[in-house]
Amino acid sequence: TYTVKLSIAETANYSAASAEITVTVSPKSVAKPSEDLRVFVYNGSEQVYELASSGYYTITGETAKTNAGSNVIRVALKDTLNYCWNDGTNATLSYTFTIEKADPSYTLPSGLSATAGDKLSVIELPAGWTWREPDLKVSSLQATYDAVFTPDDTSNYNVITLPLTVKVTAAVVTPPEGGSSV
């Protein structure tokens, strides 16, 4: 806020006069950079969180990265006395840059078989696969069981659970000696 005093000297045609005026100088409004609304998913290449640049503010934090994960990007006005955001505030802004994990490539195991009553753990699965409930006994009434695929790189890829088909054969029951089969 400034006070300006204006004085005019007396002349042959006019009387002397003076006045005071108060002038308030408001900070210049700066548009906030818009959040990057894209969904980023790990793809093995560098991805960039885009924010408009300006001479009025600085951007700090990792805006370009390759691996899945999150980090905070901060945007701060360079001069908070003479500039403010377009909403009248001058606080540092925070944006979260997240690269989501991707679903891995996999080959679904096939040709799986067991005898009714066997535990799933006796059915061998390829590398990376495990049974969700290895102690569950297979039944001739159920043909699919959940298995978990764990990729080598769990930092960038999701662990996934999928149903696998198992061919179940009936258990052969041997009658006790001297007994009869049903």
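# A tour by selection

Select Arg 132 and Asp 146: they form a salt bridge, with the closest N and O atoms 2.8 Å apart. Arg 132 lies in the loop between strand 12 and strand 13, and Asp 146 lies in strand 13, so the pair ties together parts that are 14 residues apart in sequence. The model on screen is a predicted one. Now check the surface at both ends. Arg 132 is partly exposed, with a relative accessible area of 47%. Asp 146 is also partly exposed, at 29%.

**Stop two: the sheet around strand 13**

Stay with strand 13 and select residues 144–149. Add strand 12, residues 129–131. The two strands run antiparallel, and three bridges join them. Pick out Trp 131. Which residue is its bridge partner in strand 13? The partner is Ala 147.

Next, add strand 14, residues 160–169. Strand 13 pairs with strand 14 in the antiparallel sense, over six bridges. Two pairs are worth labelling. Tyr 145 has Leu 164 of strand 14 as its bridge partner. Phe 149 stands opposite Ile 160, again in strand 14.

Now show the whole sheet. Four strands form an open sheet in the order 11-14-13-12, with mixed pairing. Its edge strands are strand 11 (112–115) and strand 12, and each pairs on one side only. Neighbouring strands of this sheet are turned by 45° against each other on average, direction ignored. While side chains are displayed, keep one rule in mind: in a regular strand the side chains alternate between the two faces of the sheet.

**Stop three: a link between two loops**

Select Asp 135 and Lys 119. They form a salt bridge, and the closest N and O atoms are 3.9 Å apart. Asp 135 is in the loop between strand 12 and strand 13, while Lys 119 is in the loop between strand 11 and strand 12. The pair links distant parts of the chain, 16 residues apart. Are these residues buried or exposed? Asp 135 counts as exposed, at 57% relative accessibility. Lys 119 is partly exposed, with a relative accessible area of 35%.

**Stop four: Lys 32 and Asp 87**

Jump to Lys 32, then add Asp 87. This is another salt bridge, with the closest N and O atoms 2.6 Å apart. Lys 32 lies in the loop between strand 3 (28–30) and strand 4 (40–41). Asp 87 lies in the loop between strand 9 (83–85) and strand 10 (93–100). The pair therefore ties together parts that are 55 residues apart in sequence. Lys 32 counts as partly exposed, at 31% relative accessibility. Asp 87 is partly exposed too, with a relative accessible area of 43%.

**Stop five: a network**

From Lys 32, move along to Asp 36, in the loop between strand 3 and strand 4. Add Arg 38 and Glu 50. Asp 36, Arg 38 and Glu 50 are linked in a network of salt bridges. Look at the side chain of Asp 36. It makes a polar contact with the side chain of Arg 38, at 2.7 Å. A polar atom of the Asp 36 side chain also lies 2.8 Å from the backbone nitrogen of Glu 50. Where does Asp 36 stand, buried or exposed? At 10% relative accessibility, Asp 36 counts as buried, because buried means under 20%. The count of salt bridges in the model comes to six.

**Stop six: a second sheet**

Select strands 4, 10, 8 and 6. Four strands form an open sheet in the order 4-10-8-6, and the pairing is mixed. Strand 4 and strand 6 (57–60) stand at the edges, each with a single partner strand, so one side of each is left without a neighbour in the sheet. Inside this sheet, highlight strand 8, residues 69–77, and strand 10. How many bridges join them? Seven bridges join strand 8 to strand 10, and the two run antiparallel. To fix the pairing by eye, label Asn 71 and its bridge partner in strand 10, Phe 97.

**Last stop: a nonpolar patch**

Switch on the surface. Select Tyr 2, Val 4, Ile 21, Val 23 and Val 25, which make a nonpolar surface patch of about 470 Å². Strand 1 (2–8) and strand 2 (17–23) each supply at least two residues of the nonpolar patch. End on Tyr 2, in strand 1. Tyr 2 is exposed, with a relative accessible area of 53%.

Methods:
Residues numbered from 1 in each chain as written. Predicted model: local features only at pLDDT ≥ 70, side-chain atom pairs only at ≥ 80, totals over all residues. Heavy atoms only, no water. Pairing = 2+ DSSP bridges. Axes fitted to C-alpha atoms, helices over the stretch in contact; angles between N-to-C directions. Patch = residues over 30% accessible without salt bridge, like charges linked within 9 Å, V, L, I, M, F, W, Y side chains within 5 Å. Areas by Shrake-Rupley, 256 points an atom, 1.4 Å probe, with all protein chains shown as cover. Salt bridge = Lys/Arg side-chain N within 4 Å of Asp/Glu carboxyl O. Buried < 20%, exposed > 50% of the residue type's maximum accessible area, 1.4 Å probe, protein only. Polar contact = N/O pair within 3.5 Å; in protein donor to acceptor, adjacent residues only side chain to side chain.
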